[in-house]
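Colleague: I should like to go through this model with you, one element at a time. Please give the reasoning behind each answer.

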Amino acid sequence: MAEYSAGLAHLDKGAADAIKEGSTGRRAVHLINGAAIRPTPIDWLWDGWLAAGKLHILAGAPGTGKTTLALALAAALTTRGYWPDGSRVRTVGDVLIWSGEDDPTDTLAPRLLACGADMRRVHFVGSVRDGDDHRPFDPASHMPELSDAATRVGNVRLLICDPVVSAVTGDSHKNTEVRRALQPLVDLGHEINAAILGISHFSKGSQGRDPTERVAGSLAFGALARVVLAAAKMQDGDDENAGRRILARTKSNIGPDDGGHYYDLDQVELHQFPGVWASRVLWGREIEGSAREILAAADAAPQQSEDRADEDNQVDAWLRALLIDECEITKADVIKAGRACGFTERTIQRARKRIGATTKISGFGKNKIAVWSLPNRAIQSSLHADPRNCGMYGTNDEDTAVVPVVPCVSELACAGKDGVPEPSAEIEEVDEWL
């Protein structure tokens with residue numbers, strides 16, 4: 001009914017004559033003649049991405065910072081700041097946040113402050129007072145009260161629902177129940193002319209499917225939303241965007257449905273509240289292409305070149321031979337030996353994982369020592385070629401494995417600084433070897 005009422009506001013004079021009423025005293029359907037409607041433009045908060053009066057879904061895998069993304073957009077709106085594409089927010093507005101997962105005190109408010117929000121324009125949905133009683137907010141029965149509260153605030157331009165499935169009191173995988181449960185939320189957006197942004201997850205094992213169909217639960221979530229956004233994380237690799245996150249536009253019934261933006265999550269301490277740390281969004285450059293292409297690039301494992309594959313084979317064989325010969329060897333000695341052969345710590349670490357070497361920790365604090373060994377050493381030793389028959393980048397026999405010749409660990413331990421190359425100055429991301 002709210003959508004119908006909103007439509008009446010855009011009727012020409014004399015529209016009453018165009019509404020065909022039924023007989024008095026009977027239930028009737030109102031018909032509006034098309035000639036009586038005045039077309040109006042979409043009221044975009046962020047051009048092509050957030051529209052007033054419309055339902056939006058933001059979905060993604062765990063760890064992509066979906067809630068922080070939504071709060072970053074809210075912060076820009078409350079301060080008339082800038083959207084991710086660099087465009088200025090046209091009009092400052094208030095924000096309602098309804099969260100069923102995160103605490104405003106230690107999570108939501110700190111993140112908003114880290115993103116620079118004007119907290120005077122942020123309002124969290126709390127309990128509902130019924131006489132002398134207070135009860136939790138229930139979207140199925142308390143939407144009229146929320147509408148009244150939003151009207152009292154005035155100028156509410158964005159409502160965040162996290163997670164949006166909390167608005168569904170029935171089965172979130174049934175199309176009919178989801179549509180019925182979300183309709184009051186859609187109507188509220190129409191009534192107060194605010195963008196509704198619902199947070200959701202991707203279904204497990206949905207890689208490669210249509211991005212909109214990856215939204216968890218019923219397809220009605222993606223179908224009912226006018227705009228669907230997706231958050232993803234680039235897989236680890238050697239390209240410049242490894243580990244970065246992306247925000248992509250996967251569906252839009254009211255505007256463009258492609259493109260995206262890179263972003264990173266940064267942890268900062270709030271200077272107003274020492275000791276309180278929170279995440280914020282750092283926006284990157286725009287991304288071109290369809291949502292399917294953008295998400296496929298994010299989900300795909302990094303492609304290895306022939307050179308990289310050859311290097312991996314070499315370091316794998318080298319490390320396997322070293323562990324077979326030494327039985328057990330400290331991590332420090334492995335790194336020392338590997339650097340003498342031109343391998344970096346990260347390269348050696350990856351090789352350890354590929355060949356299945358195990359790590360045993362002994363000692364505590366500064367005396368902690370990590371010792372590597374190879375399971376089933378006796379079996380692997382019988383299958384392994386003699387490393388003395390091999391050169392650094394090739395073999396003396398086509399049937400032998402490619403294993404670089406390395407100095408004995410005892411020789412490396414006695415060598416001076418000139419005997420072992422200094423570590424590379426390039427900063428590398430190294431996992432903790434536990």
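Colleague: Which residues of helix H5 (residues 143–153) are buried?

Modeller: This is a predicted model, and a residue is taken as buried under 20% relative accessible area. In H5, that description applies to Met 143, Leu 146, Ser 147 and Ala 150.

Colleague: What arc do they cover around the axis of H5?

Modeller: An α-helix has 3.6 residues a turn, so residues three or four places apart point the same way. The buried residues of H5 lie on the same side of the helix, because the arc they cover is only 105 degrees.

Colleague: Which exposed residues does the face turned away from the buried side of H5 carry?

Modeller: A residue is exposed when its relative accessible area is over 50%. On the face of H5 turned away from its buried side, the exposed residues are Pro 144, Thr 151 and Arg 152.

Colleague: Against which elements do the buried residues of H5 pack?

Modeller: After H5 comes Gly 154, with a positive phi near 80 degrees. The packing of the buried residues of H5 is against E6, E10 and helix H6 (175–192).

Colleague: How many residues of E10 are buried?

Modeller: Strand E10 spans residues 156–162 and runs parallel to strand E6 (residues 94–99), to which 6 bridges join it. E10 is largely enclosed by the rest of the structure, because its buried residues number 7 of the 7.

Colleague: Which residue in E10 is the bridge partner of Trp 98?

Modeller: The pairing of E6 with E10 is parallel. Ser 99 stands opposite Asp 162 in E10. For Trp 98, the bridge partner in E10 is Cys 161.

Colleague: Over how many bridges do E10 and E11 pair?

Modeller: One facing pair is Leu 159 with Ile 196, the latter in E11. E10 and E11 pair in the parallel sense, and the number of bridges is 4.

Colleague: In what order do the 9 strands of the open sheet stand?

Modeller: The pairing within this sheet is mixed. Strand E7 (122–124) and strand E15 (277–290) each have a single partner strand, so they stand at the edges with one side left without a neighbour in the sheet. From one strand to the next the twist averages 20 degrees. The order is E7-E6-E10-E11-E5-E12-E13-E14-E15.

Colleague: How many residues of E13 are buried?

Modeller: E12 and E13 run antiparallel and are joined by 7 bridges, with Leu 229 opposite Arg 249 in E13. E13 is largely enclosed by the rest of the structure, because the buried residues amount to 8 of the 8.

Colleague: Through how many residues does a hairpin join E13 to E14?

Modeller: E13 and E14 pair in the antiparallel sense over 4 bridges. In E14, His 261 is the bridge partner of Leu 247. The hairpin joins E13 to E14 through 5 residues.

Colleague: At about what angle to E15 does helix H8 (residues 291–299) run?

Modeller: Helix H4 (residues 104–114) lies across E6, E7, strand E14 (258–269) and E15, at about 55 degrees to E15. Helix H8 lies across strand E12 (227–233), strand E13 (245–252), E14 and E15. The angle of H8 to E15 is about 125 degrees.

Colleague: Is Thr 107 buried or exposed?

Modeller: Thr 107 is found in helix H4, and its side chain makes a polar contact with the side chain of Asp 106 (2.8 Å). The relative accessible area of Thr 107 is 16%. The cut-off is under 20%, so Thr 107 counts as buried.

Colleague: What distance separates the C-alpha atoms of Ala 194 and Gly 53?

Modeller: Ala 194 is found in the loop between H6 and strand E11 (195–201) and is buried, at 0% relative accessibility. The residues it touches include Ala 52, Gly 53, Lys 54 and Val 156. Although Ala 194 and Gly 53 are 141 residues apart along the chain, their C-alpha atoms are separated by 4.8 Å.

Colleague: Within what arc do the buried residues of H10 fall?

Modeller: In helix H10 (residues 331–340), the buried residues are Val 334, Ile 335, Ala 337 and Gly 338. They line one face of the helix, because seen down the axis of H10 they fall within an arc of 165 degrees.

Conventions: Residues numbered from 1 in each chain as written. Predicted model: local features only at pLDDT ≥ 70, side-chain atom pairs only at ≥ 80, totals over all residues. Heavy atoms only, no water. Pairing = 2+ DSSP bridges. Helix = DSSP H or I, 4+ residues; strand = E, 2+ residues; numbered from the N terminus. Axes fitted to C-alpha atoms, helices over the stretch in contact; angles between N-to-C directions. Contact = heavy atoms within 4.5 Å. Buried < 20%, exposed > 50% of the residue type's maximum accessible area, 1.4 Å probe, protein only. Polar contact = N/O pair within 3.5 Å; in protein donor to acceptor, adjacent residues only side chain to side chain. Arc of directions from axis to C-beta.
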